[in-house]
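Colleague: Please choose one part of this model and go through it closely. A first-year student should be able to follow the answer.

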Amino acid sequence: MEIDVNLVAHAKNYIDDLARGVNPFSKESVDDNDIINNVKISRCLFYVSDILEAVIEGGGIKKPKQPKPNPFDLQKLDLDHYEYSIRPVTISVIARKINELKPENMEKLKVTAITNWLVDVNMLTVVQVNGKNHKRPTANAESIGITIEQRDGQYGPYYAVLYSESAQHFIIDNLPAIIEGGYNERQRKTAEQK
């Protein structure tokens with residue numbers, strides 16, 4: 001949420017008037033029996049005014065920086081607990097299952113890390129369909145159980161690449177190559193965009 005410091009300053013002026021027992025619109029003193037002249041209310045209003053002053057001086061509210069997550073570390077995963085699916089699944093399901101095994105303060109394994117590696121080892125190839133790049137299994141991939149299936153989606157039919165149990169084993173067995181090859185690092189993505 002963006003903080004409009006000018007609006008905060010305007011609100012602070014109203015709070016200051018109320019804390020002093022002054023109607024902020026007419027600038028007249030309010031009746032002594034008015035609720036805003038209650039000592040507890042007045043103190044609360046002065047307190048809120050001080051907070052608003054701090055917000056104004058700070059240029060708005062600054063969100064605390066979230067600690068940067070640790071890089072994805074294969075050594076911190078217990079891959080013995082990875083649950084292989086008998087039914088073929090998409091790569092996003094595989095990545096989600098792997099990420100469920102990582103500590104909370106560690107970066108996620110990205111789907112693109114796996115698929116980019118699969119392209120580099122000739123298991124997937126990139127094809128253009130209607131001007132967009134799509135990954136499709138190669139003959140090598142089909143031999144280990146990476147297949148393609150047409151599905152119906154909200155925008156019409158599309159092709160899903162599916163990974164059999166043996167293909168899932170292939171990916172898990174090769175996670176060291178994916179990680180050590182830098183496929184999950186931001187630097188690789190930045191270098192590919194140049």
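Modeller: Helices (H or I, at least four residues) and strands (E, at least two) are DSSP runs, numbered from the N terminus. The model is predicted, so local features need pLDDT of at least 70 and side-chain atom pairs 80 or more, while totals for chains, interfaces and linings use all residues. Residues are numbered from 1 along each chain as its sequence is written, and side-chain values use heavy atoms, with hydrogens and water left out.

The part to look at is helix α6, where Gln-168 is found. This residue has a relative accessibility of 0%, and therefore Gln-168 counts as buried (under 20% relative accessible area; exposed is over 50%, partly exposed in between; 1.4 Å probe, protein chains only). Gln-168 touches (heavy atoms within 4.5 Å) Tyr-82, Glu-83, Tyr-84, Ser-85, Arg-87, Val-89, Ile-94 and Tyr-163, leaving out residues up to four places away in sequence.

Gln-168 has company in the helix: the buried residues of α6 are Ala-167, Gln-168, Ile-171 and Ile-172. These residues span an arc (of the directions from the helix axis to the C-beta atoms) of only 140°, so they are on the same side of α6. An α-helix has 3.6 residues a turn, so residues three or four places apart point the same way. The buried residues of α6 are covered by elements including α3, α4, α5, β3 (146-153), β4 and α7.

Next comes the core. The largest nonpolar core (buried Ala, Val, Leu, Ile, Met, Phe, Trp, Tyr and Cys joined through side-chain atoms within 4.5 Å) has 29 residues. Inside this core, Ile-98, Ile-146 and Tyr-163 have the most contacts. Helix α6 (165-173) is one of the elements that give two or more residues to this core, as are α3 (91-99), α4, α5 (139-144), β4 and α7 (175-180). Another core, of six residues, lies apart from that one, with Ile-15, Leu-45, Leu-52 and Val-55 among them.

For contrast with Gln-168, take a loop residue. Asn-105 lies in the loop between α3 and α4. With a relative accessible area of 48%, Asn-105 is partly exposed. Apart from neighbours within four places in sequence, Asn-105 is in contact with Pro-69 and Asn-70. Asn-105 and Ser-92 are 13 residues apart along the chain, and 20 Å separates their C-alpha atoms.
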